[in-house]
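Got a new structure open and wondering what earns each feature its label? Let's go through some of them, one at a time.

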Amino acid sequence: MQVNIGGLVMKNPVTVGSGTFGYGQEYDRYFDVSRLGAVTVKSLSLQPRAGNRPPRLVETPAGMLNAIGLQNVGIEAYLRDKLPFLRERGCTVIGNIYGYSPEEYAQLAEILEREGGADAIEANLSCPNVHDAKTRGCKLVSQSPERVAEYTRAVKAATRLPVFIKLSPNVMDITEPALAAEEAGADGLSLINTLLGMGIDPETRRPILSNIVGGLSGPAIRPVAVKMVWDAARAVRIPIIGMGGICTAEDAVQFLLAGASAVAVGCASFRRPDTALRVVEGLEAYCARQGVADISELVGAMKVD
Ligand SMILES: Cc1cc2nc3c(=O)[nH]c(=O)nc-3n(C[C@H](O)[C@H](O)[C@H](O)COP(=O)(O)O)c2cc1C
C-alpha cells in the first residue's frame, strides 16, 4: 500500500482534503488518524483568519456548498497548538498553505520546513471563497497558468520539501495550469478543489450563502474530478493526488485508474468521520480481491480497447 509521490512517502495512498479534517485531532475520537497515509491540514495563512460570515455551509442534493473563506488559526498557533498532536501520533503531514502573494506562500513554506511543521507542502492556489484586492483582480491564481508558474517557483525556491500545487476545476482546460506547475518545478498536483456554485432562497430571494458564491464538493463533482485527473495525468509526468466526491474505496480506485497516485477524502468525512479509514481498508480488500500486489499497479491502469 506504500507510495512515494514526488518524494513524499505515504504508508498508504489515502489522505484527506484540506479543510475537511481540521488539524487531525478533531477526528481522534473516531479513529487513529495515524492509520492514514497522510493528514492534510486546513489551509494555513500567516495570520489567523475568521473566514466569512455564516451562513457559509449548505447541503446540496449530492454534496454541499461551502464559503468558509479560509478560517484558520494561523501558522504560529498551528505550530504551537496543533502540530504536537500530529507529531506525537507519528502522522505524515501535508501542510496546506494559502497566502496573498508569491512571497507569502514562500514564507509559509519556509516556516513549515524550518519548524518541522510538515513533510510536504500543498499550495492552495484555488480557493474560490476569498476576495481580496491583493489578488490583483484574478479571483483564482490557478486560473492563470502564468501566475501558477510564478507561485510554484516561489514556493519551490523556499523549501526542499515536496511541493504539491492544488488546482481549481474552474478552468476550460486543466492541462494548462497543470503543465505550468510542472514546468515551474512542482513535485506533484492536487486535483480538484471545489467547483464554483451558488443557491438562492426563493422565499426570501436572498442568496443561501452570505458570500453569495461558494464551492461545490461531494459526490456530485466526482465524475468531473475523475475526468480532470485523467486529462492532467496524460499531460504531466508528476504524480497527482486525486479528490472530489470520494466516499468509498471503489470511488478511490476510479481516481487511481484515471492516473492519480494517491487520493484524498474530503467532505464525505462530515457524514461518516471514519470514511478515510474505511477507504484505506477497502483499498486493501480491493487489492486482495483483484490480486494487486502493489497499489501503484493501479495508477493509470484504466483499460480502454
Ligand atoms: C468545508 C470545506 C472547506 C475546505 N477548505 C479547504 C481549504 O482550506 N483548502 C483547500 O485547499 N481546500 C479546501 N477545501 C476543498 C477540499 O479539500 C477538496 O478539494 C474538495 O472539497 C473536493 O473534495 P470532496 O468532494 O471529497 O470534498 C474545502 C472543502 C470543504 C467542503
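Q: Where is I192 in this predicted model?
A: I192 sits in the loop between β10 and β11 (195–198).

Q: What makes the peptide bond between L191 and I192 a cis one?
A: Its omega is about 10°. Most peptide bonds are trans.

Q: Which peptide bond has an omega of about -5°?
A: That one joins P54 and P55, and it is cis too. P55 is found in the loop between β4 (39–40) and β5.

Q: What is notable about the phi of R205?
A: Phi of R205 is near 60°, so a positive value, and R205 is not a glycine. Most residues other than glycine have a negative phi. You'll find R205 in the loop between β12 (200–201) and β13 (206–207).

Q: Why is R205 called exposed?
A: Exposed means over 50% relative accessible area. R205 has 74%, so it counts as exposed.

Q: And what about I212: what is its phi, and where does it lie?
A: I212 has a positive phi of about 70°, though it isn't a glycine. Its place is the loop between β13 and β14 (213–217).

Q: Why does I212 count as partly exposed?
A: The partly exposed class lies between 20% and 50%. At 39% relative accessibility, I212 falls in that class.

Q: How do you know that E110 and R114 form a salt bridge?
A: The rule asks for a Lys or Arg side-chain nitrogen within 4 Å of an Asp or Glu carboxyl oxygen. For E110 and R114 the closest N and O atoms are 3.0 Å apart, so the pair passes. Side chains of opposite charge can pair when their charged atoms come close.

Q: What separates E110 and R114 along their helix?
A: They are four residues apart in helix α2 (residues 102–114), which means about one helical turn between them.

Q: Are E110 and R114 in the exposed class or the partly exposed class, and why?
A: E110 has a relative accessible area of 32%, so it is partly exposed. R114 has 51%, which is over the 50% cut-off, so R114 is exposed.

Q: What makes R289 and E250 a salt bridge?
A: Their side chains meet at 3.7 Å, N to O, and the limit is 4 Å, so the pair qualifies. R289 belongs to helix α8 (residues 275–290) and E250 to helix α6 (residues 249–258), so this bridge ties together parts that are 39 residues apart in sequence. R289 is exposed at 58% relative accessible area, while E250 is partly exposed at 43%. Elsewhere, salt bridges with shared partners join E110, R114 and E115 into one network.

Q: Why does the pair R271 and E59 get the salt bridge label?
A: The closest N and O atoms of R271 and E59 are 3.2 Å apart, so they are within the 4 Å limit. The pair links distant parts of the chain: R271 is in helix α7 (residues 268–271) and E59 in strand β5 (residues 57–60), 212 residues apart. Both R271 and E59 are exposed.

Q: How many salt bridges does the rule give?
A: The count comes to 14.

Q: What makes α6 mostly covered?
A: Seven of its 10 residues are buried: A249, D251, A252, V253, F255, L256 and A258. Those buried residues pack against α5, β15, β16 (262–265) and α8. After α6 comes G259, whose phi is positive, near 125°.

Q: How does the span of helix α5 (residues 222–235) compare with the expected value?
A: α5 has 14 residues and reaches 20 Å from its first C-alpha to its last, close to the 20 Å expected at 1.5 Å a residue. Its buried residues include V226, M228 and V229, and the buried residues of α5 pack against α4 (175–183), β10 (188–191), β15 (240–243) and α6.

Q: How do you know that K166 makes a polar contact with the ligand?
A: A polar side-chain atom of K166 lies 2.8 Å from an oxygen atom of the ligand, and the cut-off is 3.5 Å, so the pair counts. The protein covers 97% of the 600 Å² of accessible area that the ligand has on its own.

Conventions: Residues are numbered from 1 along each chain as its sequence is written. This is a predicted model: local features need pLDDT of at least 70, side-chain atom pairs count only at pLDDT 80 or more; totals for chains, interfaces and linings use all residues. Side-chain values use heavy atoms; hydrogens and water are left out. Helices (H or I, at least four residues) and strands (E, at least two) are DSSP runs, numbered from the N terminus. Buried means under 20% relative accessible area, exposed over 50%, partly exposed in between (1.4 Å probe, protein chains only). The expected span of a helix is 1.5 Å times one less than its number of residues. Contact means heavy atoms within 4.5 Å. A polar contact is a pair of N or O atoms within 3.5 Å; within protein, one must be able to donate a hydrogen and the other to accept it, and residues adjacent in sequence count only if both atoms are side-chain atoms. Accessible areas come from the Shrake-Rupley method with a 1.4 Å probe; for residues, only the protein chains shown count as cover.
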